[in-house]
Amino acid sequence: MRGPSAESAAIIVRNWRRVQEAVAEACQASGRPPTAVQIVGVTKYVDWEFAHQLSNAGCSQLGENRPQSLWTKLEQWQTSGTSSELSPQWHFIGHLQRNKIRRTLPAIVRLHSLDSRRLAIALSQEAVAIGRILPTLVEVNVTLDNTKTGIPANELEDLLTQTADLPGLRIDGLMAMSSFGAQPEAARREFAKVCQLRDAMQQRFSGQLQLSELSMGMSGDFAEAIAEGATLVRIGTSLWEGILDTH
Ligand SMILES: *Cc1c(COP(=O)(O)O)cnc(C)c1O
C-alpha cells in the first residue's frame, strides 16, 4: 500500500461509486428502494488517510472491528487537523471487551456486535452515564462454524429478555455473517435464517422492541444479504481495490 495521493483519492471515489451502484442494483433486483440499505465502509485494512478519502468520497458511515484501530484512526484524524467536508459516523462491528467500552462508546453511533448480557449491562451503564442511548444490534451465529463470533440462535430469546429494558441501549436488530467461503446460495440461506429469526423475535417482543435493522452482507455476499432483507451492509475489500494491491 502506497501513501494517500490524488491518485488514491480518485481510485477510492471510483470504488465507492461502483459499490453504491452494485448495492442499488441488488436493491432493485429484490424490489427494494435503494434507500433501504445503508453502506458501512469498513476501514480496518487501511490507514486513516484512506478512510478520510473514503469519507470525502461521500461514504458517511465507516466501520472498524477493533477498538485500538478505531481509537488510533480517530486520534490521527483529529491531530492531523484535516477537516473533512463530511464528518463520518463510526460503527463498531467487532467483539468489544468491557474494559474498552469507556473509550469506544463516545466515538460510535452504533454497535453491531452485542454478544453477551454482561457486555449489554456494562454498555448501558456507561451510555446512561454519558447521556446516550446506543443503537445496538445483537450478533447471531447462524452458521455451523464454531470459529464465528456471535451468540447461537437458540440463546437469542434469553439475551433479549435480559437486555430489552436496559435504559442505555436501543436494541433494534440483528447482525450476522455467513459461513467462511460459503457459496452464494448457501450464504443466502443463512441470511434468510437471520431474517426469520428476526421476524420470530419481533413477534415475541412486539411492543417492547422494534427490530427493524439487519446488518448482513460483506464484499462477497451483499447481494444475497440484500435479497434477504439486509438494511446495513458492511463492505471493506471492494472499497480498497487498487489501494491494497498497489505496491
Ligand atoms: C472485515 C469485516 C467486514 C468487511 O468484509 P469484506 O469482506 O472486506 O467486505 C464486515 N464485517 C465484519 C464484522 C468485518 O470484520
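Student: In this predicted model, into how many nonpolar, polar and charged residues does the shell around the ligand divide?

Tutor: The shell around the ligand divides into six nonpolar, four polar and two charged residues. To read such a shell, one takes the residues with a heavy atom within 4 Å of the molecule, and in this structure they are Val-42, Lys-44, Tyr-45, Asn-65, Ile-93, Met-177, Met-218, Ser-219, Arg-234, Ile-235, Gly-236 and Thr-237.

Student: Which side-chain or backbone atoms lie 2.8 Å from an atom of the ligand?

Tutor: A polar contact is read as a pair of N or O atoms within 3.5 Å. In the case of Arg-234, an N or O atom of the side chain is 2.8 Å from a nitrogen atom of the ligand, whereas Gly-236 places a backbone N or O atom 2.8 Å from a ligand oxygen atom. As for the cover, the protein takes up 90% of the 380 Å² of accessible area that the ligand has on its own.

Student: What lies 2.4 Å from an oxygen atom of the ligand?

Tutor: That is a polar side-chain atom of Tyr-45, a residue that also belongs to the list of those around the ligand.

Student: Where does the ligand sit with respect to the pockets, and how much space lies in the largest pocket?

Tutor: A pocket is an open set of grid points, whereas from a cavity the probe cannot get out. Here the space taken by the ligand is the largest pocket, and about 690 Å³ of space lies in that pocket. Of the 31 residues that line the largest pocket, Lys-44, Asn-65, Lys-148, Met-177 and Met-218 are the closest to its centre. The lining of the largest pocket divides into eleven nonpolar, 13 polar and seven charged residues.

Student: How many cavities of 30 Å³ or more are there, and which residues line the largest cavity?

Tutor: The count comes to one cavity of 30 Å³ or more, and the volume of the largest cavity is about 30 Å³. Its lining is made up of Glu-139, Val-140, Asn-141, Val-142, Thr-143, Lys-148, Thr-149, Ala-176 and Met-177, which divide into four nonpolar, three polar and two charged residues.

Student: Which element gives the largest share of the lining of the largest cavity?

Tutor: Strand β5, residues 134–141, gives the largest share, with three residues. Met-177, which is among the residues lining the largest cavity, is also one of the residues around the ligand.

Note on methods. Residues are numbered from 1 along each chain as its sequence is written. This is a predicted model: local features need pLDDT of at least 70, side-chain atom pairs count only at pLDDT 80 or more; totals for chains, interfaces and linings use all residues. Side-chain values use heavy atoms; hydrogens and water are left out. A polar contact is a pair of N or O atoms within 3.5 Å; within protein, one must be able to donate a hydrogen and the other to accept it, and residues adjacent in sequence count only if both atoms are side-chain atoms. Accessible areas come from the Shrake-Rupley method with a 1.4 Å probe; for residues, only the protein chains shown count as cover. On a 1 Å grid over the protein atoms alone, a cavity is a set of points where a 1.4 Å probe fits but cannot get out, and a pocket is an open set with protein on both sides within 12 Å along at least five of seven lines; lining residues have an atom within 4 Å of a point. A molecule sits in a cavity or pocket if more than half of its atoms lie within 2 Å of its grid points. Ala, Val, Leu, Ile, Met, Phe, Trp, Tyr, Cys and Pro count as nonpolar, Asp, Glu, Lys and Arg as charged, and the others, Gly among them, as polar. Grid points are joined across faces, edges and corners, and a volume is the space filled by probe spheres set on the points. Helices (H or I, at least four residues) and strands (E, at least two) are DSSP runs, numbered from the N terminus.
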